[in-house]
Amino acid sequence: MDQIAFLEPRPAVLSRRREIVADLLDLLPEGCLVHEPRELVPFETDAFVSYRRLPLAVALPETTQQVAAVLKYCHRYGVPVVPRGAGTSLAGGAIPQEDAVVIGLSKMSRILEVDFANRTATVQAGVTNLAISDAVSADGYFYAPDPSSQLACTIGGNIGMNSGGAHCLKYGVTTNNLLGVKLVLIDGTIVDLGGKALDAGGLDLLAVVCGSEGQLGIVTEATVRLIARPEGARPVLFGFDTSEEAGACVADVIGAGIIPVAIEFMDKPAIEICEAFAQAGYPMDVEALLIVEVEGSEAEMDAMLASIIEIAGRHGVKVVKECQSATEAALIWKGRKSAFGATGRIADYICMDGTVPLGQLPHVLRGTAEIVAKYGLRVANVFHAGDGNMHPLILFNANDPEDAARAEAAGNEILKLCVDAGGCLTGEHGVGIEKRDLMRHQYSEVDLAQQMAVRAAFDPQWLLNPSKVFPLEGRPAA
Amino acid sequence: MTPIHEPLSEEAAARLVMIAGLSATPFSISGGGTRSLLPATDGAEQLSTRGLNGIVAYNPAEMTMTVRAGTPLEKVEAALAENRQMLAFEPVDLRGVLGSSGIPTIGGVFATNASGPRRFVAGAARDSLLGVRFVNGKGEIVKAGGRVMKNVTGLDLAKLLAGSHGSLALLTEVTFRVLPMPETAVTIVVSNLNDAEATAAMATAMALPVEVSGAAHLPESVRGRFVGGALPDGAATVLRLEGLAASVSVRAQKLADAMAGFGTVSQCDAGLTQRLWREIRDATPYADGTSRPLWRVSVAPTAGQQLVAALRLEAGVDAFYDWQGGLVWLRMESDPEAALLRRYIKAVGGGHATLLRARPDVLAATEIFQPQTDAVTAIQTAVKASFDPAGLFRSRMTG
């Protein structure tokens with residue numbers, strides 16, 4: 001399976017490989033450059049494993065200045081650069097190319113400052129998402145965006161993809177929780193955007209950097225917002241006989257003005273996969289399951305749950321299961337958050353990320369089932385229902401090229417269905433290479449040209465992560 | 001009198017811009033003209049969104065609304081109120097302090113990122129903005145973003161346009177997220193704290209799991225000018241709680257207990273709370289009919305009072321604080337003291353100041369937006385050119 005094209009490697013770069021490696025070795029401290037082909041293998045792909053390219057070299061800088069030095073060098077010699085956090089991208093955002101230097105932020109993993117009076121944390125880009133919450137939890141705070149890969153994924157990667165998670169229904173995604181960054185531009189210039197003060201004094205460049213998939217610069221430090229942890233939180237399971245009923249229930253809960261902190265959806269295949277993996281106590285005799293989490297004081301949670309149970313009743317809810325202990329609650333989330341990993345144990349899969357208006361959920365779920373059946377494949381649906389962010393996992397056999405091609409084709413059709421339903425191609429995973437060639441389905445040429453012009457304002461030569469996001473044809477001449 | 005253009009459709013607006021490009025006629029973009037004190041640059045013709053009016057789509061169950069940019073904010077808020085929904089960021093109404101008339105438009109709200117007291121917990125206007133349609137400087141009609149809550153499909157141009165003050169493009173349509181109105185709200189008042197004590201009290205309140213949705217400090221010099229003097233004597237540190245009635249009363253008790261160590265605690269009911277926070281939002285004490293320089297300053301929450309304390313030693317200032325202390329409304333006695341203010345902002349850890357009001361000649365002579373570093377200015381200039389290569393859209397933000 002290799003339908004998605006990468007840019008042709010630049011011969012002028014490939015032919016200078018040895019000199020480039022020698023120069024980078026001079027620029028970086030010992031142990032900060034990977035260049036032996038065998039040692040480059042771990043960097044050849046990310047979590048979108050169907051595609052892989054061995055990079056020219058991998059720089060693992062320890063400081064912002066070193067990032068700047070490498071970028072300045074690459075800019076001078078026209079060498080493409082692919083930024084990398086933990087390599088957990090599901091969209092191929094961190095997959096390198098043969099003529100690229102990967103800049104990995106894994107060595108920049110220090111928490112620089114925690115400032116409770118201002119409710120901020122300033123961290124290096126290679127800090128993992130979960131490490132921020134871990135560092136502040138003893139003091140009663142947390143960092144809200146919580147992608148399923150939060151144990152591994154880095155804040156730098158989260159900023160690149162504007163990551164979300166299960167709890168962003170209430171707290172927003174990365175862009176809503178990001179106060180400032182230290183950004184290294186392609187020519188090596190270091191700029192600070194934002195900080196502990198809210199909002200921008202000039203153009204809101206931070207807003208466009210977040211979610212730019214490493215194409216505008218490399219973030220080396222970030223200041224994020226901390227939130228006081230709620231008094232309590234309680235996930236409750238709601239089982240339904242059909243996905244449509246579950247979807248309609250979600251729309252009615254939100255429509256009634258109730259915003260739980262999370263509403264997660266699983267269909268029967270997903271329930272079976274996750275239950276087998278985590279023994280979370282999910283009901284097995286239902287076709288669709290909602291995990292609804294409410295938070296606050298006991299009284300608040302009781303009141304909110306009563307309203308939700310009442311609405312679920314109108315949609316023929318079959319099982320309502322409240323967890324009895326913190327251990328049970330943790331298991332419920334463990335099952336949900338390990339959905340991708342658990343699926344990976346039983347089959348290869350690709351994970352879609354289309355987002356649709358809430359009212360379209362039943363329609364899109366039905367359409368997804370039809371598309372997958374048409375291709376003779378299986379699907380497990382597990383996703384953030386409260387904000388319409390769908391994650392159909394299309395199961396296939398990677399050793400069978402035809403099966404893989406069918407899965408990719410089915411995925412593309414599902415994403416087009418999401419766009420046609422008034423939604424978008426990707427809610428929180430990013431475009432990467434995976435959805436790049438579908439961008440014209442969502443945007444007109446003029447729309448794309450405007451985005452590309454903004455991109456070029458930061459990186460006129462298109463050196464930063466160049467094979468990603470924008471279709472390869474129709475790009476402006478660098 | 002410079003000509004005012006009011007295209008009645010997006011297509012007409014695009015045509016107008018395209019034709020203006022041929023003669024290099026610059027525009028100054030406006031909505032309802034409520035910020036008329038911020039004058040356009042010389043020779044620019046006014047391009048108003050007023051003719052682009054109407055709610056395009058509103059689906060309360062999906063908590064999103066799509067509206068043409070020139071639609072009066074009032075109309076948007078009325079439609080939302082019918083469904084007990086609201087704009088989470090509490091758009092600011094500056095007509096009082098600016099002494100201006102005009103009708104605030106939804107496009108103007110997003111173009112200025114005008115966010116009120118709830119901003120520090122619920123996000124700014126830009127955080128509610130999901131998608132836009134706009135006319136760029138080439139006269140092209142462009143769409144960005146969409147109408148779903150989560151969207152990382154390409155660059156987030158919608159948020160970039162929020163707060164761009166008409167410097168990049170003419171917004172023609174905005175799609176934004178709305179939230180349910182809270183059932184009720186109360187305000188806990190802690191009396192007689194000085195600015196530093198108030199800052200500590202507000203930080204303590206924000207550390208509690210009680211979901212404070214407004215945290216302001218009204219020093220003694222301004223306190224009496226809020227809600228007709230209905231707050232208790234002395235400085236007032238005010239903390240708002242919103243939500244279901246049963247939950248609010250429990251949280252109010254918890255918060256009052258925690259604040260008792262700081263000073264005398266009292267409580268405002270829902271009616272007074274609504275009035276108070278509206279006046280904090282609109283900086284009502286400075287709706288004083290004067291043109292004394294008025295700054296809106298954003299710094300870290302703990303830095304607000306440090307900034308004011310430092311300025312007091314060198315200039316005549318009057319101030320109050322919102323956003324846990326991080327938003328400072330600052331009225332200067334005579335001179336705007338821009339250089340002094342910006343030096344101290346830097347000294348207390350950085351942030352930005354916007355001059356909202358002053359005598360016309362002073363406004364014209366002062367950098368009203370925060371000057372940026374050379375490197376950031378260079379990016380801003382390049383970004384501006386990517387939307388508006390011929391520089392048709394004149395704005396004080398990018399020149």
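Domain bounds here come from an automatic or database domain assignment. In this predicted model, that assignment splits chain B into domain 1 (1-181 + 369-399), domain 2 (184-281) and domain 3 (284-368). Taken over C-alpha atoms, the centres of domain 2 of chain B and domain 3 of chain B lie 23 Å apart. Where these two domains touch, domain 2 of chain B contributes 19 residues and domain 3 of chain B contributes 17 residues.

A convenient way to look at such a contact is through its area. The size of an interface is often given as the accessible area lost when the parts come together. Between domain 2 of chain B and domain 3 of chain B, about 1400 Å² is buried, with carbon and sulfur atoms giving 55%. On the domain 2 side, D195(B), T199(B) and R225(B) together supply 32% of the area buried against domain 3 of chain B, more than any other three residues.

Charged and polar pairs also join the two domains. Two salt bridges are counted between domain 2 of chain B and domain 3 of chain B. R225(B) takes part in a salt bridge with D318(B), their closest N and O atoms being 3.2 Å apart. Eight residue pairs in polar contact are found across this interface, both residues being at pLDDT 80 or more. Turning to secondary structure, the elements of chain B that give two or more residues to the domain 2 side are α8 (195-207), β12 (212-218), α9 (220-223) and α11 (270-281). Of the elements on this side, α8(B) gives the most, with six residues. By residue type, the domain 2 side divides into 12 nonpolar, three polar and four charged residues.

The second interface lies between the chains. Here the contact draws 71 residues from chain B and 83 residues from chain A. Together, chain B and chain A bury about 5900 Å², and 58% of this is on carbon and sulfur atoms. Within the area that chain B buries against chain A, K150(B), V152(B) and L155(B) account for 15%, more than any other three residues.

Eight salt bridges are counted between chain B and chain A. E211(B) and K170(A), for instance, meet through their side chains in a salt bridge of 2.9 Å, N to O. Polar contacts across the interface of chain B and chain A number 28 residue pairs, both residues at pLDDT 80 or more. Helix α15 (residues 374-387) of chain B provides the largest share of the chain B side, eight residues. The residues of that side comprise 36 nonpolar, 21 polar and 14 charged.

Note on methods: Residues numbered from 1 in each chain as written. Chains lettered and ligands numbered in written order. Predicted model: local features only at pLDDT ≥ 70, side-chain atom pairs only at ≥ 80, totals over all residues. Heavy atoms only, no water. Contact = heavy atoms within 4.5 Å. Buried area = accessible area lost by both parts, 1.4 Å probe. Salt bridge = Lys/Arg side-chain N within 4 Å of Asp/Glu carboxyl O. Polar contact = N/O pair within 3.5 Å; in protein donor to acceptor, adjacent residues only side chain to side chain. Helix = DSSP H or I, 4+ residues; strand = E, 2+ residues; numbered from the N terminus. Nonpolar A, V, L, I, M, F, W, Y, C, P; charged D, E, K, R; others polar.
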